[in-house]
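Student: I'd like a close look at one part of this model, with the atoms spelled out. Could you pick a site and then work outwards from there?

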Amino acid sequence: MSENRDGKLSTYRGKRHFDRTREPRGEIVGAGGKPVFVVQIHDASSMHFDFRLEVDGVLKSWSVPKGPSADVHDKRLAMPTEDHPMEYRTFEGVIAGGEYGAGTVIVWDEGTYEPLAGSTDDKGRTFAEALEHGHATFRLDGAKLHGAYALTRFRGGEGSGERESWLLVKKKEARTHGRPAPDPQRARSALSGRTLRQVAEEEPETAVEDLPGDSG
Ligand code: MN
C-alpha cells in the first residue's frame, strides 16, 4: 500500500535534487477531513499556475498557463504534471537556477474541495476513478476561488500514447462569486501575502534546512 503510494511520487522525485532545492521530498500522508486544493503561481521559464487537488494522499497536478477563471466562458488549458507530495501545498520559495522548474513559487490560493455528482455519480465511481476516466467536477472553497469547476480531458489518455490535455472550466451556477485569474506578477500569496518578487528577494535558493516532511 505505502509502496504503491510511494511509487506515485517517483516521477516527482526523479526530476529533483533534494540537496539543491528546498522543495519537499514528500512523505505520503493520509489527510483526513475534506480533501485540499492549492493553486501556486510559478514564475518558471514560462509563467504558469499549478493547480493541485488532493487525491489518495498525493496532489494531482495540472499546469494551467492562464490560471483558473471564475468566468464560465473561459476554457483554461490544463496540462497534467507529475503527482506532488502533500507538503508541496505550502511550498513557497525559489527553485534554484538549473534545477527542474527553476524559478519562484507562491501559494496563490488554498482551501478544501468537495467532489460533485456528475463525476462520482450513479456509476459509483470514486473521484480518483472519475479523473482516470477524464472528467471530474468539484466545488472549491478557497480563500479566493469558490464554486464548482470541472476538469475534462480532451486529448490523449486511455493508452493513446498522446500527451494528455485537459480543460479547467468554471461551472455555471445560480450565484457566481469569484474573480478572474490575476496578473501573476501582482498576485499575492494566500499564505504570506507576498508577491513573486518579494519571495524571490527574501527566500534563499539553496538552503536545505528543515525540508517540510523530512523530519516531521
Ligand atoms: Mn510549475
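Tutor: Let's begin with a term: donors are N, O and S atoms within 2.8 Å of the metal, and water is not among the atoms, so a site may look incomplete. Please also keep in mind that this is a predicted model.

With that cut-off in hand, look at the manganese ion. His42 coordinates the ion through ND1, His48 through NE2 and Asp50 through OD, at 2.1 to 2.3 Å. Along the chain, these donors follow the spacing H-x5-H-x1-D. Now check how accessible two of the ligands are. His42 counts as buried because its relative accessible area is 8%, which is under 20%. Asp50 is buried too, with a relative accessible area of 5%.

From the ion we can step into the strands. Strand E1 spans residues 36-43 and pairs in the antiparallel sense with strand E6, residues 103-115, over 8 bridges. One pair to display is Ile41 with its bridge partner in E6, Ile106. E6 also pairs with strand E5 (residues 93-95), again in the antiparallel sense, over 3 bridges; here Gly93 has Val105 as its bridge partner. Strand E7 (residues 135-142) is another antiparallel partner of E6, with 5 bridges, and Gly142 in E7 stands opposite Gly111.

The loop between E5 and E6 is worth a stop, as it holds Glu99. This residue counts as buried, at 11% relative accessibility. The side chains of Glu99 and Arg20 are joined by a polar contact of 3.1 Å. Beyond its neighbours within four places in sequence, Glu99 is in contact with His17 and Arg20.

Finally, turn to the nonpolar packing. In soluble globular proteins, nonpolar side chains tend to be buried together. Here the largest nonpolar core has 29 residues, of which Phe51, Leu53, Trp62, Phe138, Leu140 and Leu151 touch the most other members. Leu53 makes a good centre for your view: leaving aside neighbours within four places in sequence, its contacts include Val36, Phe37, Val58, Trp62, Tyr113, Phe127, Phe138, Leu140 and Leu151. Lys60 is among the contacts of Leu53 as well. There is also a second, separate core of 11 residues, including Tyr12, Tyr88, Phe91 and Val107.

Definitions and conventions:
Residues numbered from 1 in each chain as written. Predicted model: local features only at pLDDT ≥ 70, side-chain atom pairs only at ≥ 80, totals over all residues. Heavy atoms only, no water. Core = buried A, V, L, I, M, F, W, Y, C linked by side-chain atoms within 4.5 Å. Buried < 20%, exposed > 50% of the residue type's maximum accessible area, 1.4 Å probe, protein only. Contact = heavy atoms within 4.5 Å. Donors = N, O, S within 2.8 Å, 3.2 Å for Na, K, Ca; no water. Pairing = 2+ DSSP bridges. Helix = DSSP H or I, 4+ residues; strand = E, 2+ residues; numbered from the N terminus. Polar contact = N/O pair within 3.5 Å; in protein donor to acceptor, adjacent residues only side chain to side chain.
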